[in-house]
Amino acid sequence: MLLTELQIEARLADAARRGEFDDLPGAGRPLELDDDSAVPQELRLAFRVMKNAGYVPDAVRLRGEIASAEALLQAADDEAARQQAAKRLRLLLDRLNRSGGGRGMLSESGYFRQLCERMDGPSE
């Protein structure tokens, strides 16, 4: 079952109201967003320089564009807009998968292909 962002936000808000997050380690303290302990020591300096220069890896950039295309697809109110958004989403997912940054993406499961076939008929 796939959840929309609104459903996820609602579930998180309900859990917060019930106090399910109150006893988590680090509660009440700022998040450590600069933690690079998972990066091998010999790569940390290079990653820090790239981050400070504003470099964003292609896979990360593409995932952001994919999220935007999915939102456009969900918000499309007519068939032409839906077709255009689906086309853009297919293109972006294909780019991500060809780059190697899309391992485990929804498009590999066959669900996305079925969605596309429902929207604009079988491809190929």
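A salt bridge here means a side-chain nitrogen of Lys or Arg within 4 Å of a carboxyl oxygen of Asp or Glu. By that yardstick, the structure holds seven salt bridges. Keep in mind that this is a predicted model, and let's walk through it before coming back to those charged pairs.

Start with the overall layout. The protein has five helices and zero strands, so the pattern along the sequence reads α-α-α-α-α. Of its 124 residues, 16% are buried. The accessible surface comes to about 9,900 Å², and carbon and sulfur atoms account for 55% of that. As for how the chain meets itself, take the contacts with a separation of 6 or more: 42% of them are between residues 24 or more positions apart.

Now for the inside. Where does the largest nonpolar core get its residues? Helix 3 (58-75) and helix 4 (79-99) each supply at least two of them, and helix 4 gives the largest share, six residues. The core has ten residues in all: Leu 62, Ile 66, Ala 69, Leu 73, Ala 85, Ala 86, Leu 89, Leu 92, Leu 93 and Leu 96.

Two members of this core are worth a click in your viewer. One is Ile 66, which sits in helix 3. Is Ile 66 buried or exposed? Its relative accessible area is 3%, and the cut-off for buried is under 20%, so Ile 66 counts as buried. The C-alpha atom of Ile 66 is 8.5 Å from that of Arg 88, although the two residues are 22 apart along the chain. The other is Ala 69. Leaving out residues up to four places away in sequence, Ala 69 touches Ala 85, Arg 88, Leu 89 and Leu 92. Among those partners, Ala 85, Leu 89 and Leu 92 belong to the core as well.

Back to the charged pairs, beginning in helix 3. The side chains of Arg 61 and Asp 58 meet in a salt bridge, with 3.7 Å from N to O. Both residues lie in helix 3, three residues apart, which is about one turn of the helix. Arg 61 has a relative accessible area of 38%, so it counts as partly exposed. Asp 58 is partly exposed too, at 47% relative accessibility.

Helix 4 has a pair of its own. Arg 82 forms a salt bridge with Glu 79, and the closest N and O atoms are 3.4 Å apart. Why are Arg 82 and Glu 79 separated by about one helical turn? Because they are three residues apart in helix 4. Arg 82 is partly exposed at 27% relative accessibility, and Glu 79 is partly exposed at 41%. Elsewhere, salt bridges that share partners join Asp 58, Arg 61, Glu 65 and Arg 88 into one network. You've met Arg 88 before: it is one of the residues that Ala 69 touches.

Another pair involves Arg 18 and Glu 20, whose closest N and O atoms are 2.7 Å apart in their salt bridge. Which of the labels, exposed or partly exposed, fits Arg 18? At 56% relative accessible area, Arg 18 is exposed, because the exposed label applies over 50%. Glu 20, with 48%, is partly exposed.

The surface has a nonpolar side to it as well. Leu 3, Ile 8, Leu 12, Phe 21 and Leu 24 make a nonpolar surface patch of about 390 Å². Leu 24 belongs to the loop between helix 1 (5-18) and helix 2 (41-52). With 44% relative accessibility, Leu 24 counts as partly exposed.

That loop leads to helix 2, a nice one for a quick geometry check. How far apart are the end C-alpha atoms of helix 2? At 1.5 Å a residue, its twelve residues should span 16 Å, and the end C-alpha atoms are 17 Å apart, so the two values agree. Helix 2 is followed by Gly 54, which has a positive phi, near 85°.

Conventions: Residues numbered from 1 in each chain as written. Predicted model: local features only at pLDDT ≥ 70, side-chain atom pairs only at ≥ 80, totals over all residues. Heavy atoms only, no water. Core = buried A, V, L, I, M, F, W, Y, C linked by side-chain atoms within 4.5 Å. Buried < 20%, exposed > 50% of the residue type's maximum accessible area, 1.4 Å probe, protein only. Helix = DSSP H or I, 4+ residues; strand = E, 2+ residues; numbered from the N terminus. Contact = heavy atoms within 4.5 Å. Patch = residues over 30% accessible without salt bridge, like charges linked within 9 Å, V, L, I, M, F, W, Y side chains within 5 Å. Areas by Shrake-Rupley, 256 points an atom, 1.4 Å probe, with all protein chains shown as cover. Expected span 1.5 Å × (residues − 1).
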